[in-house]
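Reader: I would be grateful for a close look at one part of this structure, namely the arrangement of strands and what packs around it. Please state the criterion behind each term as it arises.

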Amino acid sequence: MAGLLNPVVLRITLRATLGRKRALVFLLVPVVLLLITITLRLVAVSPVWPAEFLGAFGFSVVLPLTALIIGTSVLGAEIDDGSIVHLLATPVRRTSVVLSKFAAAVMLTIAFGAIPEYLAAGIARGFGGKLALGLLAGALVASVAYNALFVMLSTLTTKAIAVGLLYLVLWEGLLGNLVGGVRLLSIGQYSVSIANSIAKTSALNAHLTSATAVIMALAVTVATLTAAAWRLSAFSLKGDAV
Amino acid sequence: MNVGPEARELSTVNAIELCGVSRWYGNVVAVNDITMTVGAGITGLLGPNGAGKTTLLNLMAGFLAPSRGELTVGGQPSWRNPQIFTLLGLVPERDSVYAFLTGADFVRSTARLHRLPDPDAAARRAIEIVDMAAAQDRRIATYSKGMRQRIKVAAALVHDPQVLLLDEPFNGMDPRQRLEMMDLLEQMAGQGRTILFSSHILEEVERMSGTIQVIVGGRLAASGDFRAIRRLMTTRPHVFLVRTSADRALGAALIGRPAVTGVELTPRGLQVRTSDFGAFCRELAGLCKNGDIRLREVLPSDESLESVFSYLVTT
């Protein structure tokens, strides 16, 4: 995979994404997560609050939202404003463009989503504990799979953020809880299930075996990234006649 | 023209070839059955806004699939073929660049994306060519329109492409920048490159030599030597509105001139019809001076692009 990453694309993407005003939102969500964690720790409501709170808020709000904002902008913002043309008017392979954009998104989501989640779990239950490590593992899987999906969405539609949000609310949020079968196709479930395979607590709302979760997360990642590379290689510019 | 076998071979290798190329979006036909060959040297792609120039350039650069027909650059199809950019450079019309980078960073990054053996030297050379060395360490966000245009050209040139496509390169440039850009393009064409640029303003390319392709309504309306088209342009009928201190006296003098085909007195001034733009302008000054008439205003009144192009197309 290292040969498929383009360091120039990666560097420019990191700079561009962190340079936008949106980058402030990246910080906002983890700060809220940590503040609530510290408050809960001080008032200590129930013995299982860390798993309950970090499982629910962390895996259905912090990680998906962070990945949504980052994953849709690494490639989407350049497609929107047209600057992608400068990148695509070079012989760099489109697969390499997509993978580099994806890698930048994963790195940023780990920094602004997965690590804060780990820090919160550490503050609640100790940094070497099973809960912290489990949540970190789950959060890493979420960072990878969500970003693959959102990068693909940004190659399909200019309204990737809206479509992604709709997907999170309806599919992951509503159907994932109501319809059993949807769990097999829910990135939230993959990550919570992997977290649970290490943390082993019933307070996490996990329904898949770790093997299923790993295989499915991998399959979703590969499939969506392949689709994204395919879409980008057919990237079209509209002329002035339309 | 005396072209040796060697030169001919080179120019066919570099040429852009379109054979019956059409592109439509649903019911809208943007490019309609265009067959053309663009060889070494400079070629202007002219036409009014919405004529399909950008669509055509996007097709050539592989950023659009032809709905029908065949299109090759250097013998290779450009659609779904990023390798085409080893011999092709594109200067897009949209002004969106990575504004947070400095000019030098932008061109160097492009050189690295091309995997050039010495990207720093290539970037320096390209920046030198467009005369942007003085501003290369400033962020692109601080550049004027003309500077952005030039840094985009530098990025498109950095890998020394044989074919360079420029979409409206003169847009937003002041006359001096325009002249410099034209000199630059002529220079590169002189080195045997194929340079194709689009423009919707005929006057801005008046100084240009080479061939032109005129696109109107998605169709190839005229093509050929630029001088012939330029002659048509200068001898096409022009209508001017002239306001002076003595309209009637000037009108009487003007009607006696061969370059003037009609004069009408209107409340707003003299409406003058001329078949020779250049001669009229020269004579107008002389007549006013001799008759001691004060010239207040000379306004061209039929300069709409549509009228110019439709004139070219019907002639």
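Author: The account below proceeds from the strand order to the packing and then to the core.

The model is predicted: local features require pLDDT of at least 70, side-chain atom pairs count only at pLDDT 80 or more, and totals for chains, interfaces and linings use all residues. Residues are numbered from 1 along each chain as its sequence is written, while chains are lettered from A and ligands numbered from 1 in the order in which they are written.

Chain B contains an open sheet of 6 strands, ordered β6-β7-β8-β3-β9-β10, and its pairing is mixed. Here helices (H or I, at least four residues) and strands (E, at least two) are DSSP runs numbered from the N terminus, and two strands pair if DSSP finds at least two bridges between them. The edges are formed by β6 (88–91) and β10 (219–225) of chain B; each has a single partner strand, so one side of each lacks a neighbour in the sheet. From one strand to the next, the twist averages 15°.

Within the sheet, β3 (residues 41–46) and β8 (residues 194–199) of chain B run parallel and are joined by 6 bridges. In this pair, B:Ile42 stands opposite B:Ile195 of β8(B). Helix α2 (residues 53–60) of chain B packs on the sheet, where it touches β3, β7 (163–166), β8 and β9 (211–216) of chain B, and its direction makes about 150° with that of β8(B). Contact means that C-beta atoms, placed from the backbone, lie within 7 Å; axes are lines fitted to C-alpha atoms, for helices over the stretch in contact, with angles from 0 to 180 degrees between N-to-C directions.

At one edge, β6(B) runs parallel to β7(B), with 4 bridges between them, and B:Val91 lies opposite B:Leu166 in β7(B). In a regular strand, side chains alternate between the two faces of the sheet. Both faces of β6(B) are covered: B:Leu88 and B:Leu90 on one side, and B:Gly89 and B:Val91 on the other, are all buried. A residue is buried if 20 or more other C-beta atoms lie within 10 Å of its own, exposed if 12 or fewer, and partly exposed in between.

B:Leu165 touches B:Leu88, B:Leu90 and B:Val91, among others, residues up to four places away in sequence being excluded. B:Leu165 is also one of the residues with the most contacts inside the largest nonpolar core, which has 147 residues. Such a core is a set of buried Ala, Val, Leu, Ile, Met, Phe, Trp, Tyr and Cys residues joined through C-beta atoms within 7 Å.

Conventions: Contact = placed C-beta atoms within 7 Å.
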